[in-house]
Amino acid sequence: MPRRIFEAMPAADAVVLPPSATVHAAAVAMKERRQCVVLAMTAGRLDGILTEQDVVRRVVAERRDPDRVTVADVMTRHPDTIPATDLALTGLQMMEDGGYRHLPVIHDGRVVGLISRVDFVGSEKSELETERQCWEQLR
């Protein structure tokens, strides 16, 4: 039986900060919580997502001051989301197509968690590859 997103989602809470937080504060929160992504939220609304790669590429590599740069300055605004009841395979497909590793999960219009590529099992990855091969043969 195919898993749903909520079944694949890890139990750990996502790191949530306001967009006005500094990138330094976000990096400290990621380190303390052993997470590699921050959800930027205001009053329960998802404004964006900041990953370790964003910090490296948009702050460190550009020699920007992480104590002055805010999460809002470098986050990905309005990221894709997925309903908690969608199939896990759908989430994996979205990540593959979009070229990203993290996907906020929503339920009743609210963010309830975050799913990452590492949260998917081998059978889901194998099924996605099988689907891709089938579509390639049809072209």
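A nonpolar core, as I use the term here, is a set of buried Ala, Val, Leu, Ile, Met, Phe, Trp, Tyr and Cys residues joined through side-chain atoms within 4.5 Å. I keep in mind that I am looking at a predicted model.

**Entry 1: the cores**

I began with the largest nonpolar core, which has 17 residues. Which of them touch the most other members? I found A26, V38, L50 and V71 in that role. Next I noted the elements that give two or more residues to this core: β1 (15-17), α2 (23-33), β2 (37-42), α3 (52-60) and α4 (71-74). The largest share comes from α2, with four residues.

I then picked L50 and listed what it touches, leaving out residues up to four places away in sequence. The list runs A26, M30, C36, V37, V38, V55, V71, V74 and M75. So A26, V38 and V71 turn up again here, as partners of L50.

Apart from this core lies another one, of eleven residues. I wrote down I5, A84, L92 and I115 as being among them.

**Entry 2: the three-strand sheet**

I turned to an open sheet of three strands, and its order reads β5-β6-β7, with mixed pairing. Which strands are at the edge? They are β5 and β7, each of which pairs on one side only. Helix α5 packs on this sheet and touches β5, β6 and β7. I noted that the direction of α5 makes about 140 degrees with that of β6.

I looked at the pairings one by one. Strand β5 (residues 82-83) runs parallel to β6, and two bridges join the pair. In that pairing I82 stands opposite V105 of β6. On the other side, β6 and β7 are antiparallel, with six bridges between them. Here H102 faces S116 in β7.

β6 and β7 also form a hairpin, with two residues between the strands. I checked D108 in this hairpin and found a positive phi near 55 degrees.

**Entry 3: V105**

V105 had come up already, and I wanted its surroundings. This residue lies in strand β6 (residues 102-107). Is V105 buried or exposed? Its relative accessibility is 0%, so V105 counts as buried.

What does V105 contact, leaving aside its neighbours within four places in sequence? I got I5, M9, I82, P83, A84, R110, V111, V112, G113, L114 and I115. M9 caught my eye, being 96 residues from V105 along the chain. Their C-alpha atoms are separated by 8.5 Å. I also see I5, A84 and I115 in the contact list of V105, and these belong to the eleven-residue core.

**Entry 4: T51**

I moved on to T51, which sits in strand β3 (residues 45-51). T51 has a relative accessible area of 14% and is buried, since buried means under 20%. Not counting residues up to four places away in sequence, T51 touches C36, V37 and H102. C36 and V37 are also on the list for L50, while H102 is the residue I met opposite S116.

**Entry 5: salt bridges**

How many salt bridges does a search of the whole structure find? It finds five. Side chains of opposite charge can pair when their charged atoms come close. I went through some of them.

D47 and R45 form one, at 2.6 Å from N to O. D47 has 10% relative accessibility, so I count D47 as buried.

E62 and R64 form another, at 3.9 Å from N to O. Both are partly exposed: E62 has a relative accessible area of 48%, and R64 stands at 33%.

The side chains of R117 and E96 also meet in a salt bridge, at 3.1 Å from N to O. What does this pair tie together? R117 lies in the loop between β7 (110-116) and α6 (122-138), and E96 is in helix α5 (residues 88-98), so the pair links parts that are 21 residues apart in sequence. R117 is partly exposed, with a relative accessible area of 24%. E96 counts as partly exposed too, at 37% relative accessibility.

Technical notes: Residues are numbered from 1 along each chain as its sequence is written. This is a predicted model: local features need pLDDT of at least 70, side-chain atom pairs count only at pLDDT 80 or more; totals for chains, interfaces and linings use all residues. Side-chain values use heavy atoms; hydrogens and water are left out. Buried means under 20% relative accessible area, exposed over 50%, partly exposed in between (1.4 Å probe, protein chains only). Contact means heavy atoms within 4.5 Å. A salt bridge is a side-chain nitrogen of Lys or Arg within 4 Å of a carboxyl oxygen of Asp or Glu. Two strands pair if DSSP finds at least two bridges between them. Axes are lines fitted to C-alpha atoms, for helices over the stretch in contact, and angles run from 0 to 180 degrees between N-to-C directions.
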